[in-house]
Amino acid sequence: MREAKKNFEKLLLDGEMENQIVDMDVPVKSYPDTPLGSHGQNFVIAEIQRFMSSKEKKCKNVPSQSQNVGQFLRKMESEKLLNMDDIYKEAISSAEQDGIVFIDEIDKICSPQNRIHSSADASAEGVQRDLLPLIEGCQINMKYGNVNTDHTLFIASGAFHSVKPSDMMAELQGRLPIRVTLNGLTVEDLFRILKSQNTI
């Protein structure tokens with residue numbers, strides 16, 4: 001038995017069994033976790049997913065080439081060495097200290113000040129009021145912990161064809177103090193971008 005094991009190991013190390021098909025038990029991924037918030041619906045969904053996961057098989061048999069088995073086993077064992085709690089903490093800290101949030105088309109939630117207010121204008125102003133505490137800095141309840149936005153950089157952009165930046169709420173303007181006006185691209189600019197090797 002020991003001699004057969006040595007011969008088998010030698011064949012494996014010499015690469016003579018790389019194309020052999022072997023059966024491998026692969027862990028089945030459960031349903032993705034649902035963040036538990038204040039809404040009862042999230043709790044119900046999470047409970048259903050947990051129930052369904054407990055009823056399913058934890059592994060499934062998958063035929064694969066032996067050369068792929070080693071890669072899979074190394075990946076699986078490497079994942080076991082990871083401490084997910086430390087990864088979540090590091091991700092939250094990175095988001096808080098180095099996070100950048102880009103808000104595109106912010107002009108869509110602005111209304112001209114000289115126009116008669118309608119329900120759409122009230123809705124747009126409501127969105128601005130919802131954005132205000134995020135930009136000012138607050139605690140956000142996320143899936144893996146609370147994220148503080150005190151040091152997050154917020155960048156907003158918009159075409160502002162029919163409205164002006166001054167049409168935003170005064171409080172929101174105060175939290176976005178730096179304004180930069182961009183010029184439209186010319187034909188020469190487009191040619192230069194297309195021919196540049198550094199264009200991403």
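**Entry 1: Thr-149 and its loop**

I began with Thr-149, which sits in the loop between E5 and E6, and I note at once that the model I am reading is a predicted one. Is Thr-149 buried or exposed? I find Thr-149 buried, since its relative accessible area is 5% and the cut-off for that class is under 20%. I then followed its side chain, which reaches the backbone oxygen of Leu-134 at 2.9 Å. Setting aside neighbours up to four places away in sequence, I listed the contacts of Thr-149 as Pro-133, Leu-134, Gly-137, Cys-138, Ile-140 and Phe-154.

**Entry 2: Asp-150**

I moved on to Asp-150, which belongs to the loop that joins strand E5 (145-148) and strand E6 (153-156). With a relative accessibility of 46%, Asp-150 is classed as partly exposed, whereas Thr-149 is buried. Which residues does Asp-150 touch, not counting those up to four places away in sequence? I recorded Glu-136, Gly-137 and Cys-138. I also checked the spacing to Pro-133, which is 17 residues from Asp-150 in sequence and 10.0 Å from it in space, taken from C-alpha to C-alpha.

**Entry 3: Glu-96**

I looked up Glu-96 in helix H4 (residues 84-98) and asked which side chain of opposite charge is nearest to it. That side chain is Lys-89, 12 Å away, and Glu-96 is buried without a salt bridge; a salt bridge would need a separation within 4 Å. Beyond its neighbours within four places in sequence, Glu-96 is in contact with Asn-146, Val-147, Asn-148, His-151 and Thr-152.

**Entry 4: the nonpolar patch**

On the surface I noted a nonpolar patch of about 400 Å², made by Ile-100, Phe-102, Leu-153 and Ile-155. The elements that contribute two or more residues to this patch are strand E3 (100-103) and E6. I checked one member, Leu-153, which lies in strand E6 and is partly exposed at a relative accessible area of 44%.

**Entry 5: salt bridges**

I searched the whole structure and found 5 salt bridges, three of which I followed up here.

- The side chains of Arg-129 and Glu-125 meet at 3.0 Å, N to O, and both residues lie in helix H5 (residues 119-136), 4 residues apart, or about one turn of the helix. I class Arg-129 as partly exposed at 46% relative accessibility, and Glu-125 as partly exposed at 31%.
- Arg-175 forms a salt bridge with Glu-136, with 3.8 Å between the closest N and O atoms. Arg-175 lies in helix H6 (residues 170-175) and Glu-136 in helix H5, so this pair ties together parts 39 residues apart in sequence. Arg-175 is partly exposed at 45%, as is Glu-136 at 37%; Glu-136 is also one of the residues touched by Asp-150.
- Asp-189 and Arg-192 meet at 3.7 Å, N to O, and are 3 residues apart in helix H7 (residues 187-195), about one helical turn. Here Asp-189 is partly exposed at 21%, while Arg-192 is exposed at 52%.

**Entry 6: the whole chain**

I closed with the overall figures, beginning with 7 helices and 6 strands, which run from the N terminus as α-β-α-β-α-α-β-α-β-β-β-α-α. Of the 200 residues, 20% count as buried. Among contacts with a separation of 6 or more, 68% join residues 24 or more positions apart. The protein exposes about 16,200 Å², of which carbon and sulfur atoms supply 55%.

Conventions:
Residues are numbered from 1 along each chain as its sequence is written. This is a predicted model: local features need pLDDT of at least 70, side-chain atom pairs count only at pLDDT 80 or more; totals for chains, interfaces and linings use all residues. Side-chain values use heavy atoms; hydrogens and water are left out. Buried means under 20% relative accessible area, exposed over 50%, partly exposed in between (1.4 Å probe, protein chains only). Lys and Arg count as positive and Asp and Glu as negative; His and the chain ends are not counted. Contact means heavy atoms within 4.5 Å. Patches are made of residues with over 30% relative accessible area and no salt bridge: like charges are joined within 9 Å, nonpolar side chains (Val, Leu, Ile, Met, Phe, Trp, Tyr) within 5 Å. Accessible areas come from the Shrake-Rupley method with a 1.4 Å probe; for residues, only the protein chains shown count as cover. A polar contact is a pair of N or O atoms within 3.5 Å; within protein, one must be able to donate a hydrogen and the other to accept it, and residues adjacent in sequence count only if both atoms are side-chain atoms.
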